[in-house]
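Here is a quick walk through a single chain, from its overall build down to a few individual residues. Have a look at the model first.

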Amino acid sequence: MENLKAVAIFPKILPENLEQFKSIAQEMLLNISKQDSILSYEMYFTLDNSSCVVIEEYKTPEGVIEHVKTNSALLDKLTSLGGAIQGSMFPRSQQGEAINEIKNNWDSKMHVYFDGK
């Protein structure tokens, strides 16, 4: 099993959009709780609530693709309220069809695993 970690940032949430952003995020979190391919999905807001950082972990790289497809309408709404997602992917391996799809078609920074515990 080759886990994939990711970070997604919604960089600019205007004060007048905050409550709607949080409401849509709660709806998406309910969907996420039903997806076995997602190991963790944690949302954090800056102290001034002007941006949101999401720290994600998937069983496989295919899991992040499933998440985006399953939740595309909600992600579109969140993006309209919080700005274009600034994403980074942290796969353990650079091999595989899903990794290639992300590299070739997504606007995310891909990071290469070096070492760790």
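How far apart are the mean positions of the positive and negative charges of the chain? They are 3 Å apart, with 11 positive and 16 negative charges going into the two averages. Here Lys and Arg count as positive and Asp and Glu as negative, with His and the chain ends not counted; each charge is placed at NZ of Lys, CZ of Arg, CG of Asp or CD of Glu.

Some ground rules before going on. This is a predicted model, where local features need pLDDT of at least 70 and side-chain atom pairs count only at pLDDT 80 or more, while totals for chains, interfaces and linings use all residues. Residues are numbered from 1 along each chain as its sequence is written, and side-chain values use heavy atoms, leaving out hydrogens and water.

**Overall build**

The chain has 4 helices and 5 strands, taken as DSSP runs numbered from the N terminus (helices are H or I, at least four residues; strands are E, at least two). In sequence order they go β-α-β-β-α-α-β-α-β. The radius of gyration is 14 Å, close to the 13 Å of the globule rule for 117 residues, so the chain is as compact as a globular protein of that length. That radius is taken over C-alpha atoms, and the rule is 2.2 Å times the number of residues to the power 0.38. Along its principal axes, the C-alpha trace spans about 45 × 30 × 25 Å.

Of the 117 residues, 35% count as buried. Buried means under 20% relative accessible area, exposed over 50%, and partly exposed in between (1.4 Å probe, protein chains only). As for contacts (heavy atoms within 4.5 Å), residues 24 or more positions apart account for 64% of those with a separation of 6 or more.

**Two helices with a buried side**

In α4, the buried residues fall within an arc of 100° seen down the axis, so they line one face of the helix. For α3 the arc is only 125°, which puts its buried residues on the same side. The arc is that of the directions from the helix axis to the C-beta atoms. Here is who sits there:

| Helix | Residues | Buried residues |
|---|---|---|
| α3 | 72-82 | L74, L75, L78, L81, G82 |
| α4 | 97-105 | A98, I99, I102 |

Turned away from the buried side of α4 are the exposed residues E97, N104 and N105. On α3, D76 and S80 are exposed on the other side. The cover over the buried residues of α4 includes β1 (4-10), α2 (61-70), β4 (86-91) and β5 (108-110); for α3 it includes β1, α1 and α2. Right after α3 comes G83, with a positive phi near 95°.

**Three residues to click on**

P91 lies in strand β4 and is buried, at a relative accessible area of 2%. Leaving aside residues up to four places away in sequence, P91 touches N3, L4, I99, M110, H111 and Y113. Its C-alpha is 7.4 Å from that of E2, which is 89 residues away along the chain.

Q26, in helix α1 (residues 18-32), is exposed, with a relative accessible area of 53%.

N49 sits in the loop between β2 (38-45) and β3 (52-58). Most residues other than glycine have a negative phi. N49 is not a glycine, yet its phi is positive, at about 60°. At 26% relative accessibility, N49 counts as partly exposed.
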